[in-house]
Amino acid sequence: MIQEYQIRVLPVVASHEQNIRQYVADEKGIDARTINAVRVLKRSIDARQRTIFVNLTVRVYINEMPQDDEYVKTEYSDVSSKPAVIVVGEGPGGLFASLRLIELGLRPIVLERGKNVRERKIDLANIGKTQRVDPESNYCFGEGGAGAYSDGKLYTRSKKRGNIEKILNVFCQHGASTSILADAHPHIGTDKLPKVIENMRETIIRCGGEVHFQTKMTRLLINADTVVGAEAVNLKTGAEETYHGPVILATGHSARDVYRYLAEAKVEIEAKGIAVGVRLEHPSQLIDQIQYHSKQGRGKYLPAAEYSFVTQVDGRGVYSFCMCPGGFVIPAATDKEQLVVNGMSPSNRGTQWSNSGMVVETRPEDVGGDENDPLRVMHFQEKLERDCWQQANMKQTAPAQRMADFVNGRLSYDLPKSSYAPGLISSPLHFWMPKQISRRLQEGFKKFGKMSHGFLTNEALMIATETRTSAPVRIVRDRETLQHVRIHGLFPCGEGAGYAGGIVSAGVDGERCAEMCAEYVGAL
Ligand SMILES: Cc1cc2nc3c(=O)[nH]c(=O)nc-3n(C[C@H](O)[C@H](O)[C@H](O)COP(=O)(O)OP(=O)(O)OC[C@H]3O[C@@H](n4cnc5c(N)ncnc54)[C@H](O)[C@@H]3O)c2cc1C
């Protein structure tokens, strides 16, 4: 017999299958010896009260064994002789587009400017060691895209449940833990993501697709309003290469050369709002104490605590973004004269620090410049990143300020220890950041300090600057066909196109673009 129950248990009970089994047996009056297996279907932490509970939905196998896999498998067959589709960018958008193309009987040819996910890691380590960013291999460019060296958070505000479950199942099929199917806030972790991404690439190649690293798309081949292919440069040899087929353009929010090319080629794009601010880093123990209402912090059985804040200041949202409990702050620039920060965490979220982006909603009308210029938000982003790099003496040592000092408009005379590897320099962020951002952050922090006692503290550190929260440009596409509004056979995809924000939503958008591309190819 198989039974499903919803139970509310202490963290120690939720921490081990054996404990859950005994709890269910006692609670439901079942002989524990007849329970052969327990599978957790849903897991969430309720930390609203002093006593913390874990809500579980469990499937209990009484006198029988589970027969099915824990995840739904997708069949990928051989597509080596099928029509080709060019996928530019091997981030989550491009990866999920490629896998879905295979399901639909098309052959993906992936062009990726960066290196494979393992080689890329060396360039990331070098940023801290040499203070230099490789413009083709960094935290945003390379196999796995911006999502590879991240927290690997897999939750999204999107409501398309079925599509989200598909994405999570495909991750499991390629090696992610099946706990992501149960957790309310699933994440994979930067230590586990590279292997999952490699496995996805192997599926593409095994089925007859191609993946070309260090191959940068330089322009689209457009024939009378129809894309017929793409030109690329091989960054190892310098050779020009041409690829033929419709194009799924999934180049992410940091490919500014792609936006510039599209603007020059008169491919319709428009300015889009972003959010701008800093990374805020607290000792993780302090966040655990606040969120779990206990001086002991998280104890043995709870994960590093998360938080989420949102408020309005002078008509703009001020909010926490992409929280990384037990994580690191990392240098996420994509070119030499920029300083950009972001966050990531290992799967155990076990470092001494918890960070999040603290950002202010920034609309195109807030940034000045020519209102007909589709790149004006990108120019604002670029200027701020360059200013930040100059404040850092033209290195990757990031300008930083203690949180309460920032709110009170004081320079910090010393800085606490931080996870940010390239190092920090004390800087008056309240003074040089754009007033529309710094003033709202100051007010927002005061409000967050009132909402959560202890959150506004000089133990917390602000690290500048967080600008790559989403794309500053939208590549305008048709709502139904997902093709570019004017150019046929061009499918702007994922975060860079302005239609996704985060790993899962980029994956969902990748799948949808592949489906629409399959319809387009079928009609040719
Ligand atoms: C440090 C960090 C941490 C993050 N943490 C999370 C998280 O925990 N959870 C979450 O949901 N989201 C997170 N994000 C955001 C998430 O990574 C992105 O939303 C997601 O990766 C977008 O997917 P994408 O495929 O649209 O674009 P990207 O992931 O940006 O991929 C674009 C790819 O295109 C390639 N490319 C660009 N130009 C060219 C060209 N001309 N030719 C060939 N290739 C090109 C790039 O090298 C890149 O690999 C994080 C981002 C960063 C930077």
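This passage describes the ligand shell, the aromatic contacts and the backbone geometry of a predicted model.

The ligand is considered first. On its own the ligand has 990 Å² of accessible area, of which the protein covers 96%. There are 37 residues around the ligand, and those that come nearest are Gly-93, Glu-112, Ala-146, Glu-495 and Ile-503. By class, this shell is made up of 15 nonpolar, 15 polar and seven charged residues. The elements that contribute two or more residues to the shell are helix α3, strand β7 (215-223), strand β16 (341-344) and helix α14 (503-523), and the largest share, three residues, is that of β7. Polar contacts to the ligand involve both backbone and side-chain atoms of the protein: a polar backbone atom of Gly-93 lies 2.7 Å from an oxygen atom of the ligand, a polar backbone atom of Met-217 lies 2.9 Å from a ligand nitrogen atom, and a polar side-chain atom of Arg-113 is placed 3.1 Å from a nitrogen atom of the ligand.

Arg-113 also takes part in a contact with an aromatic ring, since its charged end sits over the ring of Phe-141 at 4.3 Å from the ring centre. A further arrangement of this kind is found at Arg-477, which lies over the face of Tyr-499 at 3.8 Å from the centre of the ring.

Across the whole structure, a search finds seven aromatic pairs. One of them joins Phe-96 and Phe-171, whose rings are edge-to-face, with 5.2 Å from centre to centre and 75 degrees between the planes. Because Phe-96 belongs to helix α3 (residues 92-103) and Phe-171 to helix α5 (residues 161-173), this pair ties together parts that are 75 residues apart in sequence. Both partners are buried, Phe-96 with a relative accessible area of 0% and Phe-171 with one of 3%. The rings of Phe-406 and Phe-445 likewise form an edge-to-face pair, as their centres are 6.0 Å apart and their planes stand at 65 degrees, beyond the 60 degrees that this class requires. Here, too, distant parts of the chain are linked, with Phe-406 in helix α11 (residues 403-407) and Phe-445 in helix α13 (residues 435-451), 39 residues apart. Phe-406 is buried at a relative accessible area of 0%, and Phe-445 is likewise buried at 0%. In addition, ring pairs connect Tyr-307, Phe-309, Phe-448 and Phe-455 into a cluster.

The backbone geometry was examined for departures from the usual pattern. Most residues other than glycine have a negative phi, and most peptide bonds are trans. Asn-63, which is not a glycine, nevertheless has a positive phi of about 55 degrees; this residue is located in the loop between β3 (53-62) and β4 (84-88), and with a relative accessibility of 58% it counts as exposed. Gln-214 also has a positive phi, near 50 degrees, and is found in the loop between β6 (210-212) and β7, but at 17% relative accessibility Gln-214 counts as buried, because this value is under the 20% cut-off. The peptide bond from Ala-464 to Thr-465 is cis, with omega near -5 degrees, and Thr-465 is part of strand β20 (residues 461-466).

Finally, Gln-22, in helix α2 (residues 17-28), is partly exposed, with a relative accessible area of 36%. The C-alpha atoms of Gln-22 and Gln-401 are 50 Å apart in space, while the two residues are separated by 379 residues in sequence.

Methods
Residues numbered from 1 in each chain as written. Predicted model: local features only at pLDDT ≥ 70, side-chain atom pairs only at ≥ 80, totals over all residues. Heavy atoms only, no water. Phe/Tyr/Trp six-rings, centres within 6.5 Å; stacked < 30°, edge-to-face > 60°. Helix = DSSP H or I, 4+ residues; strand = E, 2+ residues; numbered from the N terminus. Buried < 20%, exposed > 50% of the residue type's maximum accessible area, 1.4 Å probe, protein only. Lys NZ or Arg CZ within 6 Å of the ring centre and 35° of its normal. Near = heavy atom within 4 Å. Polar contact = N/O pair within 3.5 Å; in protein donor to acceptor, adjacent residues only side chain to side chain. Areas by Shrake-Rupley, 256 points an atom, 1.4 Å probe, with all protein chains shown as cover. Nonpolar A, V, L, I, M, F, W, Y, C, P; charged D, E, K, R; others polar.
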